[in-house]
Amino acid sequence: MDIQDHNATARWEALGSRDARSRGTAMEHISQEVMRRVESIGPIPATVPSPLATAGHSTSDLNDILARLLMMSKRCPFDDVRERCVWLLQNVQDLGVRIPRTLGNGPSRFIPEKEILQVSKVDPRTQSIFEDAFAALGRLDNISLVMGFHPQYLESFLRTQHYLLQMDGPLSLHYRHYIGIMAAARHQCSYLVNLHVNDFLQVGGDSKWLNGLDGAPQKLQALGELNKILAHRPWLLTKAHIEHLLKAEEHSWSLAELIHAVVLLTHYHSLASFTFGCGITPEIHSNGGHTFRPPSLSQYCVCDIANGNGHGHLEERRGNHQVSEVSGEVEVLMERMKQLQECRDEEEASQEEMATRFEREKTESMLVATAEDEECVPSRDVSRHFEDPSYGYKDFSRRGEHVPTFRVQDYSWEDHGYSLVNRLYPDVGQLLDEKFQMAYNLTYNTMAMHKDVDTTMLRRAIWNYIHCMFGIRYDDYDYGEINQLLDRSFKVYIKTMVCSPEKTTKRMYESFWRQFQHSEKVHVNLLLMEARMQAELLYALRAITRYMT
Amino acid sequence: MEKMSRVSTALGSSAISGRTMFCHLDAPANAIGVCRDAMQVVVAGRNIFKIYGLEEEQFVEKLNLRVGRKPSLNFSCADVMWHQMEENLLATAATNGAVVTWNLGKPSRNKQDQLFTEHKRTVNKVCFHPTEVYMLLSGSQDGYMKCFDLRKKESVSTFSGQSESVRDVQFSMKDYFTFAASFENGNVQLWDIRRPDRYERMFTAHTGPVFCCDWHPDDRGWLATGGRDKMVKVWDMTTNRAKEIYCVQTIASVARVKWRPERKWHLATCSMMVDHNIYVWDVRRPFIPFATFEEHKDVTTGIVWRHQHDPYFLLSGSKDSTLYQHMFKDASRPVDRANPEGLCFGLFGDLAFAAKESLISGDTNRKPYPGGDRRYPIFFFKKPDLTEQFAHVSSALSVFESSLESRRMDWFVKTAHLYLLSGKPFAELCDHNAKVAKELDRLQVSTTWTMLRIMFSDPANLSTPGPNHIGKLGTLPLMNSFSMKEMGMGTESRLDRSKGESRQDNIHLELGNSLINSNNDENEETEGSEGQAEYMFGDAELDDDDLYSMELDNQAAEEQEYTLPQEAFPLRHEIMDNPSAPEHLQQDKADSPHASGNEAEVMCLTPIESFSLISISQPLFSPHLPAHFFCPVVREMLSHYAEQGDVQMAVSVLIVLGDRIRKEIDDLTQEHWYMSYIDLLQRFELWNVSNEVIKLSTCSAIACLNQTSTTLHVNCSNCKRPMSNRGWICDRCHQCASICAVCHHVVKGLFVWCQGCSHGGHLEHVMNWLKSSSHCPAGCGHLCEYT
């Protein structure tokens, strides 16, 4: 069985090959295998109410394979494989076996599937990145698909992630995935948790660890506290926390390991933000990504309407309606940017004014309600990966507790953070630096339907607003600009996504920047994600630096 | 402290004096600047902006420029510069993007003069023109540099770097119109102040941001740059293309660099992260700092030489909220602490050794190596001031060649091959190994094996072979071996001292000597008596006594045994004279005192002899002495061997004795021995032996060595590419690579194939096939041979 498994894995992997012939061979093997299995369970009478009920071992195996085939038929970047998979599934169905179908529509709940998949067809560069990613991982996860809107960034992102998870580093592979799970679980991001639970087991992780943090080694348990603080209130991080981790007798971390862990934690915290912010749906072949039940009317309603997806025409009509309602939003925004640009030199805001503007923005960000207040209880299987579920984002500037403002001029990523990371975890500083710059500088000079727009100001406002929520201040930034450029619904979205991403809803996603394209909203998401990661990193690295001096 | 030096300068300013001193600031400093008269220093930071007077003994706060109840961000300085012509003029770069000038001559409390808010981002650097009073240059995060005329309200010209933020700007000392700007993307640009449209020249100096640059004060067109890539580079700008002429590698990103006045090759650096020291480098010796100032407890943010023509005073400000004046004479010189000796083994056992001449000169035995002696005074200065140079380094290199003889490790290899470690009864193993050792003329080792057999064998097993064997091999030969040893070691250790041979050589020499000695093996006694200190047998001795007492198990000897140990030393070679009779033992004791009088140092050999005698005479009478009784002795013996460098012996005995001894020796030691032995074996490419040792080892840490690197990489037989995942299916061409020629199924276990036609298959199948047919099962017609 084990050998067969390996054999099978090899075939699946071969589907990612760039060589069409070897893909064909692998496909051939797979279809033989499927047919063999189908025959072995015998012709299933079509009247059996649910194949799952009768599921013997072989049936559930077959179902796994079928689910995988379904995934391939949708996600594989190679046309030939997709077609063959569809064909094979059809054949199987003709034999009377129930085949799965996808739940939800496409990689994202927020963005119509066809728009996402169109990307790879249009842009050869995206296509080639997808192929690379597919060949490397044997899958093309929904995150990458959505990021496919921005191939330059995606490339940098995948390279960094690959380095963090697969390449040389102070932590062992299963530790890395486990830390990823811990971080994602902090935001109850079941998508990322599931993804990494699989990877974790695949690299030989101990399944006992997955029962909860108690099952993991003490060393990892100690990281729980850092994970918690970093995810929700990084400004509370002090050198005492670092010292606690580094001086724990036999369970202590080394500096290099800690840096690796910190980078992983921040990476997955922010990736969780992205996942929720773009409404990433479960992978097709994982639980919740597909169903074997035939489409019934009630089913349809529950899953598709709850997701607000599926009824394309309805959607569109509503969209049109909104557009007419808010037309001119973009123009207003552009006008404001122009004004700011122009009156910049004349307007002489006093220094006191500038300082209060930052404070005001900070306080105001606090007042931005994060979500419609339904307290969602984290599902059991995810929450077990972290402790203290009640600990969440608390606003940076609360009355009573005073945390000094973090001045970016005193500790910046470019000058200080980079040096520290690169010193302790070579090359990662460089990779992160490139990724940050890529995210910050990415622009197509477009805004909705307008071309040749300099969006620097807008991007900077978003970036600084997020840092502002974390109490990081740029001396040379006029925080009044934020108020001009970011409207309330956008602020709500940003705040929710960055501080408690699990509460992001489709309504929020839709209610900001209604005229902008989805790719632009994904771009915003990328900005948010990177800005958040940098903010967390800055606090963590500053604490480590303080510990070291 | 006394004042250190007086330097009259070209500007004719008064002499300066002082000592290493510091003062606490209220807040971390970001930058410091010094007045032309070298008597005042300005400190600027986020929450501090003060002027201190430099007095003989201390810093005195002169002026606080941070006035007003609610100081604005204009006071939050990233950089500060004091005009070098005009003593009342200061400029600061504010983090909010403002450039501010200050006029100390103002009568009011607020000395702020001009405020330029043209930059959109933080201003990283301001720089006054060295000779022009009203010209100020700024470089900002927004990528622009601006030139201000202080008589006007606005900038006169703006220079766009067309790239990321400007980290430093510096007017050239040499050229009135030129300034250099360093950028976050690693570039350095040269500009002509009259041509704001385009830079004159640009080159990439570093990977990552260039944090600082500094022109050489002696108008040579040299520019030093420091970057995040931890390098300081010196560029020659006089040529057409900027040429890197020196490069200093530091341990952390370089935040500031400043040429040292009056010293052509020296520059001072401080770092931005992690490292708190200030280094002064001689660019020609980039591997070790010329001087280090280690006073600061957090990163140094600003350094400046107190006077532009005085190389002895350095001022520095730091994040730890202190301002220091460093005296050059108080600097630590890393070169003094550096290890000046070097030692290296050559491929063939030669030893090269380099050290300061003074250390070596006393050694008369030294063979000067042709060309190896080098005396080189490293630097000459115009003003030969001893404290201002690197220590005079001249070292001598000596090479010790080992003789061909001593290099050979044949015995080791042979022993490794021939030793039996398992597979036979214990006694036979010991005998075999003893024989092996003897054949290689390692008589002491041989004897040890024999003894081990006697000690640990079942009395019953021992009975027959024991006495005979020893009778044959024990008496004379044994004595030989010991006496030889003594001499061998004696002479050798002398050699050792005089020649400084390596330890490894000792072993060979020992071997060699014993070889020599075995020729004149008849004169055991004499040699034994004349032998010098034999330290090797120190522990063996003890065990002999114990042994002795045990083996002498018969009732008669009972009391004697217990007395014997105390008298161990006296019990010398005299015994050798009377090899056969057990009764002589008592006499030996009587004899011993005078023997010990002769050579107090020789100790151990005879007891062994005596033991062997005893074992010969009364081997059968030792039935109920528990074997573990010997364990302490054996343990000491083993560690003795191991310390001697014969880890082979230690490990072999360990394996052969197995459980009998294992518990006596702590695991770590065992593991250490195993590792050393395995390492040696592998160096001699004795893979099989090393594998056997690993297999037989009982340490889990060793046994698992066999589990590592067990991967065998194979190439696909179809596409000839490496098969990455599984051995039987190729990822690329998706063919099962190894198909059995007999049954046509994939082979997933052992695959045997003919080297002639490269067909093969399951081991079993092929075996069966070739029983009945001699042709290849694949039908290629090849006559396969299966052996």
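## A buried leucine in chain B

B:Leu323 has a relative accessible area of 0%, so this residue counts as buried. In this predicted model, B:Leu323 belongs to strand 28 of chain B, which covers residues 322–327. If you click on this leucine in your viewer, a good partner to pick next is B:Leu25. The two leucines are 298 residues apart along the chain, yet their C-alpha atoms are separated by 6.8 Å.

What does B:Leu323 touch, once residues up to four places away in sequence are set aside? From the earlier part of the chain come B:Met21, B:Phe22, B:Cys23 and B:Leu25, along with B:Ile32, B:Val41, B:Val43, B:Tyr52 and B:Phe59. B:Ser316 and B:Gly317 complete the list.

## Chain B as a whole

Stepping back, chain B has 787 residues, and 53% of them count as buried. Its secondary structure comes to 22 helices and 33 strands. Among the contacts in chain B with a separation of 6 or more, 53% join residues that are 24 or more positions apart.

## Two helices of chain B

Helix 6 (residues 443–456) and helix 16 (residues 631–644) of chain B make a pair to look at together. Their axes come within 12 Å and cross at roughly 160°. Because an angle over 145 degrees counts as roughly antiparallel, helix 6 of chain B is roughly antiparallel to helix 16 of chain B. The crossing of these two helices is left-handed.

Which residues meet here, in helix 6 and in helix 16 of chain B? Helix 6 of chain B brings B:Gln444, B:Val445, B:Thr448, B:Leu452, B:Met455 and B:Phe456. Helix 16 of chain B answers with B:Cys631, B:Val634, B:Met637 and B:Tyr641. By type, the residues of this contact are eight nonpolar and two polar, with no charged ones.

## Two helices of chain A

Now for a helix pair in chain A. Helix 9 (residues 173–186) packs with helix 11 (residues 218–232) at an angle of about 40°, and the axes are 10 Å apart. These two helices of chain A are therefore oblique to each other. Helix 9 of chain A passes helix 11 of chain A in a right-handed crossing.

On the helix 9 side of chain A, the contact is made by A:Tyr175, A:Tyr178, A:Ile179, A:Met182, A:Ala183 and A:Arg186. On the helix 11 side of chain A, the residues are A:Lys219, A:Leu220, A:Leu223, A:Gly224, A:Asn227, A:Lys228, A:Ala231 and A:His232. This contact divides into eight nonpolar, three polar and three charged residues.

## Single residues in helices of chain A

A:Ser156 sits in helix 8 of chain A, residues 151–166. Is this serine buried or exposed? A:Ser156 is buried, since its relative accessible area is 4%. Leaving out residues up to four places away in sequence, A:Ser156 touches A:Glu434 and A:Lys435.

A:Met35 is part of helix 2 of chain A, residues 20–40. Beyond its neighbours within four places in sequence, A:Met35 is in contact with A:Leu88, A:Asn91, A:Val92 and A:Leu95. A:Met35 and A:Leu88 are 53 residues apart along the chain, with 9.1 Å between their C-alpha atoms.

## Two residues with positive phi

Most residues other than glycine have a negative phi. A:Gln188 has a positive phi of about 55° although it is not a glycine. This glutamine lies in the loop between helix 9 and helix 10 (190–202) of chain A. A:Gln188 counts as buried, because its relative accessibility is 17%.

Chain B offers a further case: B:Glu262 is a residue other than glycine, and its phi is near 65°, a positive value. The loop that holds B:Glu262 runs between strand 22 (254–259) and strand 23 (266–271) of chain B. With a relative accessible area of 38%, B:Glu262 is partly exposed.

## Where to read with care

Chain A averages a pLDDT of 75, and 73% of its residues score at least 70. Over residues 45–56 of chain A, pLDDT stays under 50, and the model has nine contacts beyond four places in sequence for this stretch. Residues 370–380 of chain A also have a pLDDT below 50, with 13 contacts in the model beyond near neighbours in sequence. Where pLDDT is low, the predicted coordinates should not be read in detail.

Technical notes
Residues are numbered from 1 along each chain as its sequence is written. Chains are lettered from A and ligands numbered from 1 in the order in which they are written. This is a predicted model: local features need pLDDT of at least 70, side-chain atom pairs count only at pLDDT 80 or more; totals for chains, interfaces and linings use all residues. Side-chain values use heavy atoms; hydrogens and water are left out. pLDDT is the predictor's confidence in each residue, from 0 to 100. Contact means heavy atoms within 4.5 Å. Axes are lines fitted to C-alpha atoms, for helices over the stretch in contact, and angles run from 0 to 180 degrees between N-to-C directions. Helices (H or I, at least four residues) and strands (E, at least two) are DSSP runs, numbered from the N terminus. Angles under 35 degrees count as roughly parallel, over 145 as roughly antiparallel, 65 to 115 as roughly perpendicular and the rest as oblique. A crossing is left-handed if the near helix is turned anticlockwise from the far one by less than a right angle, and right-handed if clockwise. Ala, Val, Leu, Ile, Met, Phe, Trp, Tyr, Cys and Pro count as nonpolar, Asp, Glu, Lys and Arg as charged, and the others, Gly among them, as polar. Buried means under 20% relative accessible area, exposed over 50%, partly exposed in between (1.4 Å probe, protein chains only).
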